[in-house]
Amino acid sequence: MKLQISDDSFARAMGSESVEFAIKTHGVDLTRNGSLGLAWLEPIVQLLNGDQEIVSEFTNVEVKDVPKIVNVFNGDPASRQIHASVTTTHPFLTQQHRLVFDRAGVQPPLKLPSFKLLEDLLSQDPNQIIAGMETSGLRGRGGAGFPAFIKWRTVADTPADQKYVVCNADEGDSGTFSDRMLMEGDPFKLIEGMIIAGYATGATQGFIYLRSEYPVAKEYLDHALEIAYSANLLGQNVLNSDFSFDIDMLIGAGAYICGEETSLLESLEGKRGQIKVKPPVPAIAGLFEKPTLVHNVISLASVPGIFEIGPEAYAQLGVGRSTGTMPFQISGNVKHGGLIELPFGPTVNELIYNYGNGTLSGRPIRTVQIGGPLGAYLSEAEFDTPLTYEAMAEIGAGIGHGGLVVFDDTVDLKAQAEYAFEFCEIESCGKCTPCRIGSVRGKEALRQFSSNNVDARTLVVVEDLCEVMEKASLCQMGGMTPIPVRSAIQKFPEDFISEQTT
């Protein structure tokens, strides 16, 4: 018998380190595991018979629960019956289809998995792997939904003496945490995906650009990279093949704009994180002007699963051109927040009610913002929209990084629209005028509503600012800020139109 405790940012935020220390003071050792994504149950302590069979389980553990846990470990059968496993039978988990997160929370994050698949792929023609990526239909999970194989093919076909694979781990969108969970719960999945991408495109150097706000992810990645080098998973002649690949990690300085690929690459080069005009695209002239494949964590971590089940089988998951699985994340005013990996196609209603179980406040849900701080606010009439790239685009929204933030009927959508402008003002790199100045003027215009010094013309000014930002900004920081603003005004006009505006 052995004890294990969940150890990721969810669990630590809920006091898992104090619980672990208290258990160890009783002379009982325990191992750390990743999170299953059932955030509202953290921290979780499990008694295992062997490596994976759960005998007993405690959820929402506090230090005061430690004596009971120690009794269970010491063989109290009554306690074991009372604290039977919850997570393995909970529909939140059992109804998922996990390909990216299949190992996360199931086995320790630093346990070296089998790499037979990787050995097989390293013996194949790189063009065959890129063809498999095309067949799979994988689209970038960072927000844009761009077909991944096009980037791979471009990097592979561009002649150069050096090529790079860059992992964008600067996950800055509010309500998103799948990148963090993957790096904390199964860092080897990311490492394997980067190696496959490097081999297929001819890149021999990889970089992980990690946001500074993720210290737990850094801790696990540091250890995982050390293990990978010692196991010949990285370095010269990976797994005794003819291919060599290295990965280094760089910690960002907390700039949201560095989630944009050209700004990220500037930061990697030691420059100020600022947007670069495209073309050329990074796949042709990226890091140090060399061909560079840039993907976010989930895009790269999806690659092993594609070849485990086969590109054709992967393409059958989802709906239409939205293929494969997506780790959706649900948070905000919701009872059961966490990570839900499913094939594309469930509706917003299914996620917020079947998985999220409604609001934590018990009040009706008024809106859901999807796609981060620059994502659209959905009206209740849109909750039946399937979560696919195409269906979301039809209603003027996007899946983005897969994050859904729930709001009950007390939310002020005018304040949320104002926040979108303010967020852009704070996080703008300042390079282009529409983003730098438009965000400030938009915030000022919406603040007039609070002082009642406003009429209907103010909304016209806001719409004009949105049009300029959308069409003239150099990148999506300014270009997407109008999305939450417009959706709030158009779908919830009652929060903007009052006696003062008529």
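**Exercise 1. Lys64**

Task: In this predicted model, decide whether Lys64 is buried or exposed.

Solution:
- Locate the residue. Lys64 sits in the loop between β4 (53-58) and α3 (66-73).
- Read its accessibility. The relative accessibility of Lys64 is 61%.
- Apply the cut-off. Exposed means over 50%.
- Conclude. Lys64 therefore counts as exposed.
- Add a spatial check. Ala22 is 42 residues away from Lys64 in sequence. The C-alpha atoms of Lys64 and Ala22 are 9.1 Å apart.

**Exercise 2. Ser241**

Task: Decide whether Ser241 is buried or exposed, then find which backbone atoms lie 2.6 Å and 3.2 Å from a polar atom of its side chain.

Solution:
- Locate the residue. Ser241 belongs to the loop between α11 (215-230) and β7 (246-251).
- Read its accessibility. Ser241 has 13% relative accessibility.
- Apply the cut-off. Buried means under 20%. Ser241 therefore counts as buried.
- Take the 2.6 Å distance. It leads from a polar atom of the Ser241 side chain to the backbone oxygen of Val238.
- Take the 3.2 Å distance. Here the partner is the backbone nitrogen of Phe243.

**Exercise 3. His336**

Task: Say where His336 lies, why it counts as buried, and which residues it touches.

Solution:
- Place it. His336 is in the loop between β11 (325-332) and β12 (338-343).
- Classify it. Its relative accessibility is 16%, so His336 counts as buried.
- List the neighbours, leaving out residues up to four places away in sequence. His336 touches Trp40, His90, Phe92, Ile330, Tyr355, Gly356 and Asn357.
- Look at Trp40 again. The side chains of His336 and Trp40 are joined by a polar contact of 3.5 Å.

**Exercise 4. Helix α7**

Task: Work out how the buried residues of α7 are arranged around its axis and what they pack against.

Solution:
- Find the buried residues. In α7 (residues 126-136) they are Ile129, Ile130, Gly132, Met133 and Ser136.
- Look down the axis. The buried residues of α7 fall within an arc of 150 degrees, so they line one face of the helix.
- Name the partners. This buried set packs against α6 (116-121), α8, α10, α15 (303-309), α16 (311-316) and β10 (322-323).
- Inspect the N-terminal end. Asp125 caps α7 there. One of its side-chain oxygens lies 2.9 Å from the backbone nitrogen of Asn127.
- Step past the helix. Gly137, just after α7, has a positive phi of about 75 degrees.

**Exercise 5. Two helices against α10**

Task: Find how α8 and α9 are oriented relative to α10, and classify the residues in each contact.

Solution, α8 with α10:
- Take the axes. Helix α8 (residues 148-157) and helix α10 (residues 187-201) come within 8 Å and cross at roughly 50 degrees.
- Name the orientation. The two helices are therefore oblique to each other.
- List the contact. Trp152, Val155 and Ala156 come from α8, while Ile196, Ala197, Ala200 and Thr201 come from α10.
- Sort by class. The contact of α8 with α10 has six nonpolar residues, one polar and no charged.

Solution, α9 with α10:
- Take the axes. Those of helix α9 (residues 178-185) and α10 come within 5 Å, crossing at roughly 100 degrees.
- Apply the cut-off. Angles of 65 to 115 degrees count as roughly perpendicular. That is therefore the relation of α9 to α10.
- List the contact. Leu182, Met183 and Gly185 of α9 meet Pro187, Lys189 and Leu190 of α10.
- Sort by class. The contact of α9 with α10 has four nonpolar residues, one polar and one charged.

Notes. Residues are numbered from 1 along each chain as its sequence is written. This is a predicted model: local features need pLDDT of at least 70, side-chain atom pairs count only at pLDDT 80 or more; totals for chains, interfaces and linings use all residues. Side-chain values use heavy atoms; hydrogens and water are left out. Axes are lines fitted to C-alpha atoms, for helices over the stretch in contact, and angles run from 0 to 180 degrees between N-to-C directions. Helices (H or I, at least four residues) and strands (E, at least two) are DSSP runs, numbered from the N terminus. Angles under 35 degrees count as roughly parallel, over 145 as roughly antiparallel, 65 to 115 as roughly perpendicular and the rest as oblique. Contact means heavy atoms within 4.5 Å. Ala, Val, Leu, Ile, Met, Phe, Trp, Tyr, Cys and Pro count as nonpolar, Asp, Glu, Lys and Arg as charged, and the others, Gly among them, as polar. Buried means under 20% relative accessible area, exposed over 50%, partly exposed in between (1.4 Å probe, protein chains only). The arc is that of the directions from the helix axis to the C-beta atoms. A polar contact is a pair of N or O atoms within 3.5 Å; within protein, one must be able to donate a hydrogen and the other to accept it, and residues adjacent in sequence count only if both atoms are side-chain atoms.
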